[in-house]
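Biologist: I should like to learn how to read the packing of nonpolar and aromatic side chains in a model. May we take the features one at a time?

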Amino acid sequence: MGISLGLIRYGFFLLFLIYYSSGAEVVTVDVKAAKGLLESDYVYLDVRTVEEFKKGHVHAEKILNIPYMFNTPEGRVKNPKFLQEVSAVCKEEDHLVVGCQSGVRSLYATADMLGAGFKDVSNMEGGYLAWMQNEFPLKIEEEQKIEL
């Protein structure tokens with residue numbers, strides 16, 4: 001119990017740091033509002049790993065997959081080129097909804113993007129799990145089969 005309470009306190013501390021260090025307030029929208037935004041001119045930025053993305057993702061007309069973190073033998077590490085990769089395909093004025101598996105990585109990514117000058121970036125609360133729970137459209141990348 002002490003460990004989980006410590007982790008919760010640490011999580012709230014990290015959220016506090018994100019909120020106050022980014023210089024801009026992170027806007028988090030619920031999954032239904034996010035779906036509405038994606039049906040307009042918003043782009044969905046999925047910040048999960050490529051492997052997670054291929055297993056299934058939000059079905060949206062405009063969607064990008066740029067991982068915020070990578071899995072390594074030592075655990076997850078932040079993608080050092082995340083902002084550079086986002087800036088290569090998105091303008092600071094673009095309308096973006098950022099999502100991940102549960103809403104945590106996307107919160108960090110949204111804060112980083114706002115701190116880097118992006119103006120209209122929203123975090124999708126609950127991430128892909130909330131999207132699935134609401135039975136919204138999904139897309140699963142088909143694995144290419146090699147025939148011999």
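Biologist: Is Phe 136 buried or exposed?

Modeller: Please note at the outset that this is a predicted model. A residue counts as buried when its relative accessible area is under 20%. Phe 136 has a relative accessible area of 16%, so Phe 136 is buried.

Biologist: With which residue does Phe 136 form an aromatic pair?

Modeller: A pair of aromatic rings is described by the distance of the centres and the angle of the planes. A search of the whole structure finds two such pairs. In the first that I shall describe, Tyr 68 and Phe 82 meet edge-to-face, with 5.0 Å from centre to centre and 85° between the planes. Tyr 68 belongs to the loop between strand 4 (63-65) and strand 5 (69-72), whereas Phe 82 is in helix 4, so this pair ties together parts that are 14 residues apart in sequence. Tyr 68 and Phe 82 are both buried. As for your residue, Phe 136 pairs with Trp 131, also edge-to-face, at 5.0 Å centre to centre and with 75° between the planes. Trp 131 counts as buried because its relative accessibility is 2%.

Biologist: Which residues touch the most other members of the largest nonpolar core?

Modeller: In soluble globular proteins, nonpolar side chains tend to be buried together. Here the largest nonpolar core has 20 residues, and those touching the most other members are Leu 45, Val 47, Phe 82, Val 86 and Met 113. Two or more residues each are given to this core by strand 2 (43-46), helix 4 (82-89), strand 7 (95-99) and helix 5 (104-115). Helix 5 supplies the largest share, five residues. Another core, of 14 residues, lies apart from this one and includes Ala 34, Val 97, Ala 130 and Trp 131.

Biologist: What is Val 86 in contact with, leaving aside its neighbours within four places in sequence?

Modeller: Val 86 is in contact with Leu 45, Ile 66, Met 113 and Phe 118.

Biologist: Which residues make the nonpolar patch on the surface?

Modeller: Leu 129, Met 132 and Leu 138 make a nonpolar surface patch of about 220 Å². Met 132 is located in helix 6 (residues 127-133). With a relative accessible area of 33%, Met 132 is partly exposed.

Biologist: How many helices and strands does the protein chain have?

Modeller: The protein chain has six helices and nine strands. Of its 148 residues, 36% are buried. Among contacts with a separation of 6 or more, 63% join residues 24 or more positions apart.

How values were computed:
Residues are numbered from 1 along each chain as its sequence is written. This is a predicted model: local features need pLDDT of at least 70, side-chain atom pairs count only at pLDDT 80 or more; totals for chains, interfaces and linings use all residues. Side-chain values use heavy atoms; hydrogens and water are left out. A nonpolar core is a set of buried Ala, Val, Leu, Ile, Met, Phe, Trp, Tyr and Cys residues joined through side-chain atoms within 4.5 Å. Buried means under 20% relative accessible area, exposed over 50%, partly exposed in between (1.4 Å probe, protein chains only). Helices (H or I, at least four residues) and strands (E, at least two) are DSSP runs, numbered from the N terminus. Contact means heavy atoms within 4.5 Å. Patches are made of residues with over 30% relative accessible area and no salt bridge: like charges are joined within 9 Å, nonpolar side chains (Val, Leu, Ile, Met, Phe, Trp, Tyr) within 5 Å. Accessible areas come from the Shrake-Rupley method with a 1.4 Å probe; for residues, only the protein chains shown count as cover. A salt bridge is a side-chain nitrogen of Lys or Arg within 4 Å of a carboxyl oxygen of Asp or Glu. Rings of Phe, Tyr and Trp (its six-membered ring) pair if their centres lie within 6.5 Å; planes under 30 degrees apart count as stacked, over 60 as edge-to-face and the rest as tilted.
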